[in-house]
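Hi,

Here is the structure I promised to pass on. Please open it beside this email, and my notes follow below.

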Amino acid sequence: MFKAIRIDKDDNGYRAALTDFDEKDLMDGDVTVAVSHSTVNYKDGLAITGKSPVVRRFPMIPGIDFAGVVEASSHAGFKPGDKVILNGWGVGETHLGGFAQKARVKGDWLVPAPDGLSAAEAMAVGTAGYTAMLSVMALERQGASPTQGPVIVTGAAGGVGSVAVALLAKLGWRVMASTGRASEADYLKALGAHEIIDRNELSAPGRPLGKERWAAGVDSVGSHTLANVLAQTKYGGVVAACGLAQGMDLPTSVAPFILRGVSLIGIDSVMAPQALRREAWARIARDLDRAKLKSMTQTIKLADTLRVAPDILAGKVRGRIVVEI
Ligand code: NDP
């Protein structure tokens with residue numbers, strides 16, 4: 001038996017609790033991992049509260065990512081003692097996840113922990129931070145560079161946003177951070193933001209085109225915010241869309257695309273191919289300032305995930321939460 005957060009849905013309703021879980025009830029997989037750390041992501045908040053139907057199998061152990069040490073393996077790429085990271089692949093949604101002392105998964109889903117990044121640091125980055133890195137890499141692939149002008153980061157005080165601000169600042173960008181929390185201005189400036197924008201400037205319906213303010217963007221908010229980010233992107237600029245904190249909709253027009261040659265790039269972390277994952281984790285190990293990572297991270301225990309799940313959905317969580325298993 002091991003400790004886990006377990007979600008059930010039956011005649012008694014939808015509920016999550018800290019319980020003992022029987023190892024024989026783990027799902028199929030060729031690698032068993034002793035999980036040392038996980039994180040609370042937005043999607044974990046949805047899973048634990050049941051606010052959105054991200055969990056598609058019951059019982060479920062939530063936790064879309066984890067770091068730990070291989071305990072048993074019949075996969076050629078991993079042996080006992082190897083340090084590994086997992087993000088996505090439906091773990092915590094359709095496959096039992098990381099809010100547990102043990103996980104059994106397909107070895108093909110695992111990434112070897114990059115040198116120089118501890119398990120706690122890897123989960124301080126977590127899916128949110130790795131998604132921020134995928135977004136930065138997407139901007140670079142499109143030829144975006146700090147010489148073209150500033151970059152905007154929306155949802156800046158959240159997990160994706162905080163890591164994106166720190167990464168982009170380290171890479172030499174002038175970062176404009178959009179946040180609804182004026183009280184987090186000093187926090188965002190310490191991460192490297194040059195300018196703070198009130199998110200109300202972007203969250204209401206706007207015009208198809210506005211003043212050209214930034215050359216690039218990382219958007220974790222969606223909806224009108226992303227539409228306004230596109231409308232105010234400079235000629236030839238590029239925006240990476242990775243989130244939906246404001247909404248799933250995108251009430252925009254073709255104007256930014258056909259009149260200013262703006263590119264909108266989609267970012268998915270869940271099914272991203274292995275080569276991209278490994279590149280993203282290697283870049284994180286290289287390009288993310290550890291002191292800044294520490295400043296954006298709080299650490300909680302497994303049982304506390306139940307308490308913070310509604311907070312992350314309410315946009316009350318600053319930066320990243322590591323779960324020490
Ligand atoms: P967080 O809750 O940590 O951050 C989201 C931030 O968005 C909040 O902190 C807040 O920032 C802002 N926000 C919240 N509600 C609103 C609103 N109604 N209008 C405008 N801004 C709002 O979540 P994460 O950073 O972990 O995730 C951000 C988004 O990215 C989520 O939608 C998540 O599902 C998505 N995501 C997508 C992935 C992918 O593979 N594409 C992977 C990981 C996450 P502030 O207080 O600064 O305004």
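**Helix packing**

H1 passes H10 in a left-handed crossing. Keep in mind that this is a predicted model. H1 covers residues 42-49, and H10 covers residues 305-313. Their axes come within 8 Å and cross at roughly 115 degrees. An angle from 65 to 115 degrees counts as roughly perpendicular. H1 and H10 are therefore roughly perpendicular to each other.

A second pair to look at is H2 and H3. H2 runs over 119-141, and H3 over 159-170. Here the axes are 8 Å apart, and the packing angle is about 50 degrees. That makes the two helices, H2 and H3, oblique to each other. The crossing of H2 past H3 is right-handed.

**The ligand site**

H2 and H3 also matter for the next topic. Each of these two helices supplies at least two residues of the shell around the ligand. The largest share comes from H2, with three residues.

How many residues surround the ligand, and which come nearest? There are 25 around the ligand, and the nearest are Thr-179, Gly-180, Arg-181, Arg-199 and Ser-269. By type, the shell divides into eleven nonpolar, eleven polar and three charged residues.

Now the polar atoms. Three places are worth a click:

- Val-160: a polar backbone atom is 2.7 Å from an oxygen atom of the ligand.
- Gly-180: a polar backbone atom of this residue is 2.7 Å from an oxygen atom of the ligand.
- Ser-269: here a polar side-chain atom lies 2.7 Å from an oxygen atom of the ligand.

How much of the ligand does the protein bury? Taken alone, the ligand exposes 910 Å², and the protein buries 88% of that.

Gly-180 and Ser-269 thus appear twice in these notes. Both are among the residues that come nearest to the ligand. Gly-180 offers a backbone atom to a ligand oxygen, whereas Ser-269 offers a side-chain atom.

**Two backbone details**

Is the peptide bond from Phe-58 to Pro-59 cis or trans? The bond is cis, with omega near -5 degrees. Pro-59 sits in the loop between H1 and strand E4, which spans 65-73.

The other detail is at Trp-89. Phi of Trp-89 is near 60 degrees. That is a positive value in a residue other than glycine. Trp-89 is also in a loop, the one between strand E5 (83-87) and strand E6 (102-105).

Best wishes

Methods. Residues numbered from 1 in each chain as written. Predicted model: local features only at pLDDT ≥ 70, side-chain atom pairs only at ≥ 80, totals over all residues. Heavy atoms only, no water. Near = heavy atom within 4 Å. Polar contact = N/O pair within 3.5 Å; in protein donor to acceptor, adjacent residues only side chain to side chain. Areas by Shrake-Rupley, 256 points an atom, 1.4 Å probe, with all protein chains shown as cover. Helix = DSSP H or I, 4+ residues; strand = E, 2+ residues; numbered from the N terminus. Nonpolar A, V, L, I, M, F, W, Y, C, P; charged D, E, K, R; others polar. Axes fitted to C-alpha atoms, helices over the stretch in contact; angles between N-to-C directions. Parallel < 35°, antiparallel > 145°, perpendicular 65-115°, else oblique. Left-handed = near helix turned anticlockwise from the far one by under 90°.
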